[in-house]
Amino acid sequence: MGFALVILLGTALLLLPVSIKDGATVTFIDALFTSTSAVCVTGLIAIDTADHFTVFGQTVVAALIQIGGLGVTSIGAGLIIAARKRIGIKGRVLVKESFNVDSFKGMVRLVKAVLLMTLCFESAGLILSFIVFVQDYPPLQALGISAFHSIAAFNNSGFDILGGMRNLIPYQSNVLLNLTTCGLIIFGGLGFLVILDILKKRSFRKLSLHSKVVITTSVILLIAGTLLLKATEDISWLGAFFHSVSARTAGFSTYPIGEFSNAGLFTLILLMFIGASPGSTGGGIKTSTFFVLMQEVRSLFTKKHIGAFHRSIPAECLSRASIISLLSLLLVCVGTFLLCILEPDCSFIQLFFEEVSAFGTVGLSTGITPTLCDGSKLVLIFTMFAGRVGMFTLLSIWIDRPAPNAHYTEESITIG
């Protein structure tokens, strides 16, 4: 409900005359699409942010990205702490669920650490980005672009305010901006708990199993994505690495995605579907979910228990990972089917790419988003919302039944 209310508030603010540039037209559906994309830290755009919105409107978009990335709960708890009031039991429960932690211990310290960490990373990103943008824009404008870009990158949202639907294509060879953006995306996608664990333990061997799984899976996906994109596309190694990072729910691009081959687009689809890590600013089914599923496949062939790094993984984790993956795949399939009906002139790979990008809250597009009809935009709006909030959360609104005490007699069925 919190995310939904922020999206509606953002839509109303973006429709104000002070938010819209003279001569530009912003419809309700486009404002709703932009607000949803910002709050769900996606980056898909039906209209160009720089060409249609004033500085006030762009500030609203940046604020929506920040709220969406940190989470409504974190922002609310931060405001309560700033007002020097106590966070009640209900508030602590929401924070606990928001960050996917197992205990109520240190909730206030966790919120403070997350807000401070966000400020530090985004400040560093602002400074490094400013060094690049000040070479092409007046200092004050370069500062605004740098602040917007740093917020969007750390929160894994592919918005830009360079204009002309260009994204970062003009800077595809700029090593500093590419690496700065990649750094913000990677740390934003690792998850706050993993970053705190790294800062506290400072040794891979001492890290928690969750942190080890997230780091290992992230590195493997980044390397595999870079190699596959370099093999399938005529781009530089820097471009291949950048898009391998960006496909993990960020949505920035330094090359036109619409010119990628089907093999390259499919590589990006796989990376987008897996996404970032739990408790991060990114979406997708999450790296830990993918890791658990791969461990289950490995255990079937090796006849060993599911586990890693000398630790066993509970059966509950496997069950949850399977359900999340199945529900996510179902959502993507239904969304793609509806888009195929509504957009018969677009190719299947374009629509499939668009739907997975919305689900993974990525923001990459082959360029068809502005041309979609209102019905297709509504499909993507729901997909972005479901991808950010999570299928488990949405289903829990309607499904809240106690576990039955009685069970039927078991009988096996043939699988495979």
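What follows is a chat about how some labels in this predicted model were arrived at.

Reader: Let's start broad: how many helices and strands does the protein have?

Author: The secondary structure comes to 18 helices and two strands. Buried residues make up 51% of the 416 residues. As for contacts with a separation of 6 or more, 68% of them join residues 24 or more positions apart.

Reader: What makes α1 oblique to α2?

Author: The axes of α1 (residues 2–14) and α2 (residues 28–39) come within 8 Å and cross at roughly 130°. That makes the pair oblique, because 130° is neither under 35 degrees, nor over 145, nor in the 65 to 115 range. The crossing is right-handed.

Reader: Which residues in α1 and α2 meet there?

Author: On the α1 side you have Phe3, Val6, Ile7, Gly10, Thr11 and Leu14, and they meet Phe28, Ala31, Leu32, Thr34, Ser35, Thr36 and Val39 in α2. Those residues divide into eight nonpolar, five polar and no charged. Gly10 is in that α1 set, and Gly goes with the polar class here.

Reader: Thr34 is in helix α2. Why is Thr34 called buried?

Author: Its relative accessible area is 1%, and buried means under 20%, so Thr34 counts as buried. Leaving aside neighbours within four places in sequence, Thr34 is in contact with Leu14, Ile47, Phe53, Val61 and Phe159.

Reader: Val61 sits in α4, where that helix meets α8. What makes α4 roughly parallel to α8?

Author: Here the axes of α4 (residues 55–70) and α8 (residues 139–154) come within 9 Å and cross at roughly 25°. Angles under 35 degrees count as roughly parallel, so α4 gets that label relative to α8. This crossing is left-handed.

Reader: And which residues in α4 and α8 meet?

Author: Gln58, Val61, Ala62, Ile65 and Gln66 in α4 meet Phe148, Ile151 and Ala152 in α8. They divide into six nonpolar, two polar and no charged.

Reader: Now the loop between α8 and α9 (175–190). What is the phi of Asn156?

Author: Asn156 has a positive phi of about 55°, although it is not a glycine. Most residues other than glycine have a negative phi. Asn167 lies in that loop between α8 and α9 too, and its phi is near 55°, again positive in a residue other than glycine.

Reader: How do you know whether Asn156 and Asn167 are buried or exposed?

Author: Set each value against the cut-off. Asn156 has 1% relative accessibility, so it counts as buried. Asn167 has a relative accessible area of 10%, and because the limit is under 20%, Asn167 is buried as well.

Reader: Cysteines next. How many disulfides does the count come to?

Author: It comes to zero. Take Cys340: the nearest cysteine sulfur, that of Cys346, is 9.4 Å away. A disulfide needs the two sulfur atoms within 2.5 Å, so Cys340 is in no disulfide.

Reader: Why is Cys340 called partly exposed?

Author: Cys340 has 30% relative accessibility. Buried would mean under 20% and exposed over 50%, so the value falls in between and Cys340 counts as partly exposed.

Reader: And what about Cys182: buried or exposed?

Author: Cys182 has a relative accessible area of 2%. The cut-off is under 20%, so Cys182 is buried.

Technical notes: Residues are numbered from 1 along each chain as its sequence is written. This is a predicted model: local features need pLDDT of at least 70, side-chain atom pairs count only at pLDDT 80 or more; totals for chains, interfaces and linings use all residues. Side-chain values use heavy atoms; hydrogens and water are left out. Axes are lines fitted to C-alpha atoms, for helices over the stretch in contact, and angles run from 0 to 180 degrees between N-to-C directions. Helices (H or I, at least four residues) and strands (E, at least two) are DSSP runs, numbered from the N terminus. A crossing is left-handed if the near helix is turned anticlockwise from the far one by less than a right angle, and right-handed if clockwise. Contact means heavy atoms within 4.5 Å. Buried means under 20% relative accessible area, exposed over 50%, partly exposed in between (1.4 Å probe, protein chains only).
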